[in-house]
Amino acid sequence: MDAQSVNFGNWIRIRIVLTFLLAGLVLIGLSAVIPVPLIRFLLWIAAGVMLAMTAYLTYVYYQFSEQGGGVQRRLWTLVIDHLHWDHHGQALDIGTGNGPLAILLAAKYPDAQVTGIDYWGQAWEYSQQVCVQNATAMGVAQRTRFQKASASKLPFEDGAFDAAISHFVFHEVADAPDKRAVIREALRVIRKGGAFSFQDMFLDKEIYGDMDTLLAAIRSWGIDEVRFVETSTILNLPRLLRHPRVLGKAGLIYGRK
Ligand SMILES: C[S@@+](CC[C@H](N)C(=O)[O-])C[C@H]1O[C@@H](n2cnc3c(N)ncnc32)[C@H](O)[C@@H]1O
């Protein structure tokens with residue numbers, strides 16, 4: 001295997017794009033057999049919305065992909081670049097998906113041992129098996145391991161890792177009603193002085209509240225150094241990707257415990 005055969009996946013799930021497409025086509029089909037003009041008109045509007053969503057998601061898929069805009073790769077690189085760690089020892093990638101962050105971190109730092117955890121549920125098109133295949137293809141299988149676990153309750157002792165990273169996961173953790181608790185759980189498993197770099201929709205106030213309050217809470221958990229930067233201020237993102245439901249509320253929280 002080689003780096004060409006790596007499959008890091010795409011955050012836009014193909015089945016969701018296909019569902020919008022199918023819904024649009026079904027609505028068009030229905031409108032052709034319904035004789036009432038008002039209902040037919042409404043079906044056409046609904047079909048237009050579905051097909052517009054299909055087009056938008058296809059565009060985002062393309063921008064995210066390695067063969068297209070390569071945005072996912074640039075976002076992962078941003079997380080790794082903000083991890084101010086001496087690159088020796090154990091790192092944890094929380095919600096690893098198909099393992100991109102864990103594998104890219106291990107590939108960049110030959111002295112790093114990286115663990116990736118995920119619950120690999122049905123909601124996403126990722127798997128533990130693909131993580132292992134990707135690590136093998138990238139030549140880092142000896143220094144990476146992948147384990148099934150939930151981000152809400154990590155199966156590790158306090159301070160077990162020298163560093164932690166995570167990308168677009170915390171807001172997804174369904175069994176944690178308060179997503180700030182997931183950040184706290186991630187920080188729990190880093191040793192004192194260890195580094196962290198997390199990217200998520202941290203500017204979504206409905207999820208995380210006010211940023212200053214969040215940073216103050218993180219400091220109160222015994223974190224010596226914590227910083228925030230808004231993703232769109234340091235990465236040149238296509239305008240259509242800056243929608244609040246895509247990357248418009250993305251940011252990085254990083255620092256040292
Ligand atoms: C947007 S994907 C990001 C995957 C990967 N970090 C990346 O950047 O490609 C969100 C990931 O969070 C994982 N996830 C969601 N809830 C989780 C939980 N409670 N524990 C662990 N992983 C979870 C999903 O399985 C999925 O892999």
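Visitor: In what order do the seven strands of the open sheet stand?

Guide: This is a predicted model, and in it the order is β3-β2-β1-β4-β5-β7-β6, with mixed pairing.

Visitor: Why are β3 and β6 said to stand at the edges?

Guide: Count partners. β3 and β6 (225–230) each have a single partner strand, so one side of each is left without a neighbour in the sheet. From one strand to the next, the twist averages 15 degrees.

Visitor: How do you know that β2 and β3 are paired?

Guide: Pairing takes at least two bridges between the strands. Strand β2 (residues 112–118) and strand β3 (residues 144–148) are joined by five and run parallel, so by that cut-off they count as a pair. To find the match by eye, look for V114 opposite T144 in β3, then D118 opposite K148 in β3.

Visitor: And what makes β1 and β2 a pair?

Guide: Six bridges, again with the strands parallel. The cut-off is at least two, so β1 and β2 qualify as well. Here D93 stands opposite G116 in β2.

Visitor: How many bridges are there between β1 and β4?

Guide: Four, in the parallel sense. With at least two needed, β1 and β4 therefore pair too. One place to look is I94, whose bridge partner in β4 is S166.

Visitor: What makes β2, helix α5 and β3 a β-α-β unit, and of which hand?

Guide: The path goes from β2 over helix α5 (residues 128–137) to β3, and the unit is right-handed. That name is used because the path runs clockwise when the strands point away from the viewer. β1, α4 and β2 make another right-handed unit.

Visitor: Where does helix α4 lie?

Guide: Helix α4 (residues 100–108) lies across β1 (89–94), β2, β3 and β4 (161–167). Its direction is at about 180 degrees to β2. Angles here run from 0 to 180 degrees between N-to-C directions, so a value of about 180 degrees means that helix α4 and β2 point opposite ways. Helix α6 (residues 180–188) also packs on the sheet, touching β1, β4 and β5 (190–200), and makes about 140 degrees with β5.

Visitor: How do you know that domain 1 is in contact with domain 2?

Guide: The chain is divided into domain 1 (14–64) and domain 2 (71–256), and their centres are 35 Å apart. A contact, though, is judged between residues, with C-beta atoms within 7 Å. Five residues of domain 1 are in contact with seven of domain 2. Helix α2 (residues 37–64) gives the most to the domain 1 side, with four residues. That side has four nonpolar residues, one polar and no charged.

Visitor: Which residues come nearest to the ligand?

Guide: G95, G97, A151, H167 and E172, out of 21 residues around the ligand. Sorted by class, that shell has 11 nonpolar, seven polar and three charged residues. Glycine is counted as polar, so G95 and G97 belong with the polar group.

Notes:
Residues numbered from 1 in each chain as written. Predicted model: local features only at pLDDT ≥ 70, side-chain atom pairs only at ≥ 80, totals over all residues. Near = placed C-beta within 6 Å. Domains from an automatic or database assignment. Contact = placed C-beta atoms within 7 Å.
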